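Colleague: Could you take one part of this model and look at it closely with me, going slowly enough for a first-year student to follow each step?

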Amino acid sequence: MNRNRRPSRGVSMIEAMVALAIMGFGMGLTERHIYDPQNGLPANVGLYQAKPVSYLDIPSHLQTLPVGEQDPQNPVGAKGIGEAATIGATPAMTNAVIDALSYWGIEHLDIPFTPEKVWRAISFVTTTPSTV
């Protein structure tokens, strides 16, 4: 049998997976954590310094469609739904940003990739004389 036994739960899990992926993008794009070098305690004093992703940063409507494929490696054909996006979102976004910056020869940049940090990296490369 090749069907989802509880479609409403599957859709809920897919929507949760999208939310977890968006959290992963937030980790790479906006969330900046600062620690005091003397005592190791967090030095961020407010959310403006470590902005988490909010509802304003995501699409207002998401459509989810379950796919009825079984996993041939699982004895009962079950698949995990929510874990993949949590793990892969930040590295996928990192690869996309570095790929875009490779035009300017930038091969590494620490997260978070705030607009200011990306702009500074490009400005540094374009204003620094080449040694070729």
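Colleague: Which residues does Phe 113 touch, not counting residues up to four places away in sequence, and which residues make up the largest nonpolar core?

Modeller: Please keep in mind as we go that this is a predicted model. Once residues up to four places away in sequence are set aside, Phe 113 touches Gly 28, Leu 29, Met 93, Thr 94, Val 97, Ile 98 and Val 118. Several of these names return in the largest nonpolar core, which has 10 residues in all: Met 93, Val 97, Ile 98, Leu 101, Ile 106, Leu 109, Phe 113 itself, Val 118, Ala 121 and Ile 122. Two helices, H2 (83-101) and H3 (115-127), each supply at least two residues of this core, and H2 gives the most, with four residues. As a general background to such a grouping, nonpolar side chains in soluble globular proteins tend to be buried together.

Beside Phe 113 in the numbering comes Pro 112, whose place is in the loop between H2 and H3. The peptide bond that joins Ile 111 and Pro 112 is cis, with an omega of about 5°, and it is worth pausing on this, since most peptide bonds are trans. Ile 111 also leads us back to helix H2, where Thr 90 is found: leaving aside neighbours within four places in sequence, Thr 90 is in contact with Ile 111, and also with Gly 24, Phe 25, Met 27 and Gly 28. Thr 90 has a relative accessible area of 15%, and because this falls under the 20% limit, Thr 90 counts as buried. Gly 28 is therefore a residue that Phe 113 touches and one that Thr 90 contacts as well.

The loop between H2 and H3 also holds Trp 104, which counts as partly exposed because its relative accessibility is 33%, a value between the limits of 20% and 50%. Together with Tyr 103, Phe 124 and Val 125, Trp 104 forms a nonpolar patch on the surface, and the accessible area of these residues together is about 460 Å².

Helix H3, finally, contains both Glu 116 and Arg 120, which lie four residues apart, about one turn of the helix. Their side chains meet in a salt bridge, at 2.8 Å from N to O, and a search of the whole structure finds one salt bridge. Glu 116 counts as partly exposed, because its relative accessibility is 47%.

Definitions and conventions: Residues are numbered from 1 along each chain as its sequence is written. This is a predicted model: local features need pLDDT of at least 70, side-chain atom pairs count only at pLDDT 80 or more; totals for chains, interfaces and linings use all residues. Side-chain values use heavy atoms; hydrogens and water are left out. A nonpolar core is a set of buried Ala, Val, Leu, Ile, Met, Phe, Trp, Tyr and Cys residues joined through side-chain atoms within 4.5 Å. Buried means under 20% relative accessible area, exposed over 50%, partly exposed in between (1.4 Å probe, protein chains only). Contact means heavy atoms within 4.5 Å. A salt bridge is a side-chain nitrogen of Lys or Arg within 4 Å of a carboxyl oxygen of Asp or Glu. Patches are made of residues with over 30% relative accessible area and no salt bridge: like charges are joined within 9 Å, nonpolar side chains (Val, Leu, Ile, Met, Phe, Trp, Tyr) within 5 Å. Accessible areas come from the Shrake-Rupley method with a 1.4 Å probe; for residues, only the protein chains shown count as cover.
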